[in-house]
Structures are given as structure tokens and as C-alpha cells.
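Visitor: I would like a close look at a single part of this protein, the surroundings of the ligand. Please take me through them in one go.

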Amino acid sequence: MALNLDAIGKKIGPVTKDYTWKDLVLYALGVGAGFDELEYCYEHQLKVIPSFSIASVFEFLAEVGMSSNADLSGILHGEQDIIFHSPIPIEGTFTTEGVITNMYDKGPDKGALVVAEAETFHSMGQKLFTSIFTLFCRKDGGFGGEPGPTETVEFPDRAPDFEEQSTPASDQPLLYRLSGDILQLHVDPDFAKASGFEKPIMHGLCTHGFACRAVIKHLFPGEPERMTRFRVRFSRTIYPGVPMTTQIWKMEEGRALFRTINTENGDLVIDQGIVEWMSKEAMERRGKSGGIRFDDRVAIVTGAGAGLGRTYAMELAKRGAKVVVNDLGGARDGAGEGSKSPADQVVDEIKAEGGEALANYDSVATPEGGRAIVDSAVKAFGRVDMVINNAGILRDKTIAKMEPENWDAIMDVHLKGAYNVTRPAFIKMRENGYGRIVLTSSAAGLYGNFGQTNYSAAKMGLVGFMNTLKLEGEKHNIRVNTVAPVAGTRLTEDVLPPDLFEKLTPEFVAPLVLYLCSEQCPVNGAIYNAGMGYFNRVAFLTGPGAVIGDGKEVPTPEAVAANMDGIKSLEDAEEFPNATAAFGPMLDAFSPKKKEENAGPSAKLTVKDIFERLPNAFQADKAAGVDVVFQFDISGGDGGSWYVTVKDGTCEVAEGSAGSPTTTIKMADDDFVKLIIGELNAMSAFTSGKLKVEGDLMKSQLIEKLFSL
Ligand code: NAI
């Protein structure tokens, strides 16, 4: 069985993990911390050992192993690189998502490498770390792929600058495994012997934690949050109770190389270690506006010379974004020449606070203006990641007095303006596979406001624009959302009562807009009201409706009148993601209900059902050359024994025990059903002992391929 090269590019996750201070302390104890490093073990002023990051995305790693189809009996954790973006808070939820980026071939006898990359975010919104995992698949080499890059570090030809010796306890793995890696190899003496070891070995990731503590202790003691990178190559195994020495060479300020050796025999346990850390000054700067960051991201904010736009631009810049401050500096109704000074002033303010910004004075009201705004961002900063369509004017008139020029001026700035800027920006974002777009609507459009037919139409038009753009952007990781702000600005100075005007500062709207611009924003196609710290979502709901007639004969207006209660009811109203979905209830109303589909997931599926369905689920086209007998011994009240014979492209399922099966699978009935319906991951079932495999382990991986239940 070979690696599944089609898994390259496969998205894995999101995998989430909740943690509290107790998980941090348990991990710290597992990697040898104690009274000497009380900051890792005591909930008061607790600090996080950065390597906790990788121990907590173990499930992701397991998924990589399964998806790549690697021979599980030959997998070793080869290398691990972690880039830290923000300090890890002491509690919360990690959300990890990533892809298998590559598979390399070291040669028939040398194995293969499966590389995956993942981003982990905290539940408070900030990006925490990027992990690059390399699995060394000892038995999967020789598939004819590229050998891959070899990034090796040369240790200096001098004695290490620092050495840290530590001796893990003889039962260290028993404590470490409670942090999640419960593979039998580290606990079960018989399993360890069957795998060729004298006794259970240390977890590679446990030695990783020991090394992480050692480098922090010598390079930036007591300040683990300064670590920006920690890379290792796992080299040799080591038994618990054997002393280890971590040797550290400081290369320059902010960078050191290290390795960990078995002190008794000199074996390299961890090799090719790189650690990087930030200066105290950089950390202080980051500390000022920790949390959600926009470093290396480029934002365009239209109408940013004043009011809400100015605040968005300032707040984005404070959090690391490079900002194009667009504003033509016109009058409130859009008339007149315009002025450079509002945009210039905001740029000066951003720069005075140490941020990066560029002024742009083009009008959003023309396609040329929109293109010029986007071009200025690309020319100055190389890309566009975020667009906040915010520029706005007012021309309030009742409909009788609404001359075409007042109608058109509003459409040009608000509705066409958003199109003019968004279109060229979207094209750039699509190239980068990333974008965040915010549109600015208004309560006037969402609910109506006397004297604003032009403005209301434009503001509601933007919602329609979003509803379709969200679908077009989805596969390119471009998300578009709408805010309906309420703030005291030039536009509202004669509308809002003075005391309210003072209280409704634009700063209260900005947090939502920044969240919608952030990398981890999961929302796409939503509308939010925001003002004074009050936020709520606005949505279109569709009522269940009424069916009149049989869909063949046209009903009468009188029949509509008689059914009005049902037609207008919003009881059990639903929200639809797109127009096709919204047609569904209409089509369903006249088609026979598909009972099985409505019955929900196979909640009542029994083990017996599964084996009965197996022949139909057999994928004969994938069975060429396969000759195996799987024995399933399922324990529990619903269990029993079945065996499945796959030979010459056919499949036979029988109750009972096979004479000499190729592979025997042992599981409890509940777990087996969960595994089949996808509620239990095969790798975690295997590592946790819920799934036991006897005989040819490698062949067990064929099951997923041969049957599609
Ligand atoms: P503001 O008048 O303080 O800011 C709007 C900015 O847009 C001005 O600096 C103006 O020079 C600029 N601008 C106008 N036309 C432009 C064009 N063609 N090209 C480039 N820049 C242009 O107003 P505010 O309140 O900050 O408005 C921002 C957005 O929020 C607008 O879209 C507005 O309709 C919307 N809004 C505001 C509400 C509020 O309570 N302030 C309520 C609902 C919506």
C-alpha cells in the first residue's frame, strides 16, 4: 500500500481543544518542571511553556497520519517547527486548521516524509502559532517522488555556550501521556517489546518539552512568551530515567542552535534545533496591542479622512496593518472640489504612533478611482488583504423632491463606490487566496428612514451585493460582511441629539469591523448593527409558508386571501444561505418526502446493520490485486464476530470466525458504530487502544479505501 499522494492539499480540521491552567500545569509536570520553575506549575502568575502548543494539537497530527495513508507501523514524528505569533493565554480554546503540504521520497529503503502545516487560533481571536509537522514514514519510500529540501544547521566548532542536564523520572511517560499522547508504546511493556524496545520509551514530544524548558532557562529566563520559533528534528529514542543534556550555542541576539543528547552514550535525541526569540522592546510593543493582529496585512479604508473610516484606519494600524487612507476630502453632500488634508492628517497621526500608512485622494465614485485606490495599495505595500468600503455622503430629500442627480450621487458613492473598489481588490485577493471585505450599510436601508429613499436603496443594495459576493469569495478564502454603524460623525451631527452624539463615538464600532477583518473571522455574509458597545445581527428570515393546491392548477386570489395567515407567518422561519436553498421548500412542498434522508444520521445503526451493508459499500474498482481476510471481533451486547473476504475484486461477508485472517480488528460495539459513522477518528481510536489491530496492521488501512458506507 502506498502513500495517498492525492492527500496533498487536503484540508485538515478545524480541530478544537479546550484547555485550562490545570492542563498547562499537567503538561509542565510531564516535561519535568517542578519547584525550580514554579512559574510553569503554580496557577498564580502562571506562564506557558511554548512547546505546550504542539502537545495540544496531537489530534491534528493523528489526522495527518491517517489521511496520508502512511503505514502506521512505520510512522515516526520526524521534525517539528513552530512559529509563535502571540503568547499562549493560560486558558481558552485552540482551533487548528491546516493542510498536508507535501510528500517527499527519500528512497525505497529510506522512507518518505509527509509534511503538513497548520495555523492555531485562540478563542479570543488571536493567531497563536503556525506548526510545520514532518512525519517520517519509514516504510513508504520509493514511490518516485522528489527527495525534498534538506535544511540542515551546522553546529559551531566550539564547546556549547550553555548545557542543561536533566534526568526524566523513570516513570515520566506515565505523567506526560496525560497531556494527550496515549500511544501504547510509552506505557505498555508488552507493546514496547513487540515494537523492538526493552521497555516503554520516552515520548519524542516529552523530550521536546524538556529541551524547550532548557533553552528558555539559558537564553531568556522566566520569559517564555518571548519565543518566536522552536524547531527540532527527532533523532534517537531514549528510555525514561536516562539523563539528557541539552547543548546550546547562541549564534546572535535572538537566535541559537541546540541539540539534546543522551548523556550516557552520546546518542543524539534531538538534533538540528533552532530557537528564536524577540527582544524585550519588541515584546513590549506587541504587548500594547496583543490579541488580534494584522502584521504584514494591507488594508484599504475608503472615506478614512474622518469619522468612522479614520477610526478603522487608526485601529488597524495600531495592530500592525499597513493602511491606505483613502479620502477625497469633499463636502458632506459630495459637492465641491475636495481636499487632500483629511487623508494626510490621518496618515500623519498613524505615523506619529509608529504605524505605516499611505494617503490616497481618489474618488470611489468612478471605476478609474476604484482601480487607482487598489493600485496605490499594491504599489506601496505589494498586496491587498482587507477593504473597508466606508466612504459616504448624504443627499436627503423626500421622493417628490428627489431629483435624478441626488439619486445618482448617492448610488455613485455608496453602491457603485463599493463595486468600483471591491472588484479590483477582489481580483488581487483571489490571486493570494485571502481577503476580508467589509461593506457599510445603514439602519435607513435595513429598516427605512423618512427622506432617504436614495440612501436606503443604496445601503440595501450593498446587502444584495454581499449576498452574492460571499458565494463567489468563499472558495478563495475571501469573506465579506456588512456593518450598519451608529456613530456621532459629520453625517449625523444634525440628526442625533447632542448628548447621544457625544457618547456614540466611532471607537465603539471599530472593534466589530476589526474582527470582521481578522484572519480567523469565521463569518461570511452576515450583517451586524454596531453602536455604543451594542452589537446585534440582522438577518433575512423566510417563513414556512402555505401550500395552496397541487402545483398543477393555478390558485385564485381568493384562495390566497383565505390562506394569508399561513403565508405571512414567521413561525419556525428559516435563514437560507443562497437562492437555490431558498427554492428548496417550494420544490419540497410538491414532492414526496424522502423519509430516509429526514431520518438524520445513522443514529440507530447497529453493528449487524453495518455488516449487512458492507457488500453494497464495497468498492470493487479499488480492490484490484487485493487478497485479504479481515476478522472483526466486536465486543458488547450488540457485538459478535464477522469476517470479510476480499479476493479477485469480490467481497464476501460472513458471520463467525475465519480460519486464518490476515488482520483482526477488535473493538467495542459503540466505538465501532461511531468509527463507521465518522464520529470517532481511526487514528485516535488506535492510539487510545479503542481499536486493536492484530496481524497485518498495514492491511487494516485498506478498509477505509475498500468500503464506502
Ligand atoms: P463622515 O462624513 O465622517 O465620513 C465619510 C468620509 O467619506 C468623509 O471623510 C468623506 O470625505 C469621504 N468620502 C465621501 N465621498 C467620497 C468619495 N467619493 N471617495 C472617497 N471618499 C469619500 O461619515 P461617517 O459617519 O464616518 O460615515 C461612514 C460610513 O458610515 C458612510 O458610508 C455612512 O453612510 C455610514 N453610516 C454612518 C452612520 C453614522 O451613524 N455615522 C449610520 C449609518 C451608516
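Guide: What follows goes from the ligand to a helix linked to its surroundings.

The model is predicted, so local features need pLDDT of at least 70 and side-chain atom pairs count only at pLDDT 80 or more, while totals for chains, interfaces and linings use all residues. Residues are numbered from 1 along each chain as its sequence is written, and side-chain values use heavy atoms, with hydrogens and water left out.

There are 30 residues around the ligand, and those that come nearest are Leu-308, Asp-327, Asn-390, Tyr-455 and Thr-489. A residue is counted here if one of its heavy atoms lies within 4 Å of the ligand.

Oxygen atoms of the ligand take part in polar contacts, meaning pairs of N or O atoms within 3.5 Å; within protein, one atom must be able to donate a hydrogen and the other to accept it, and residues adjacent in sequence count only if both atoms are side-chain atoms. An N or O atom in the side chain of Thr-489 is 2.5 Å from a ligand oxygen. For Tyr-455, a polar side-chain atom lies 2.6 Å from an oxygen atom of the ligand. Ala-487 takes part through its backbone, where a polar atom is 2.9 Å from a ligand oxygen. On its own the ligand has 820 Å² of accessible area, and the protein covers 96% of that; the areas come from the Shrake-Rupley method with a 1.4 Å probe, and for residues only the protein chains shown count as cover.

Two or more residues of the shell come from each of α8 (307-318), α11 (404-432) and α13 (453-473). These elements are DSSP runs numbered from the N terminus: helices are H or I with at least four residues, strands E with at least two.

Helix α8 also leads to α15 (residues 510-517), since the buried residues of α15 pack against α8 as well as β14 (386-389), β15 (435-440), β16 (478-485), β17 (527-531) and β18 (534-538). Contact means heavy atoms within 4.5 Å. Six of the eight residues of α15 are buried: Ala-510, Leu-512, Val-513, Leu-514, Leu-516 and Cys-517. Buried means under 20% relative accessible area, exposed over 50% and partly exposed in between, with a 1.4 Å probe and protein chains only.

For the setting, the chain has 24 helices and 23 strands, and 46% of its 709 residues are buried. Its C-alpha trace spans about 90 × 80 × 50 Å along the principal axes.
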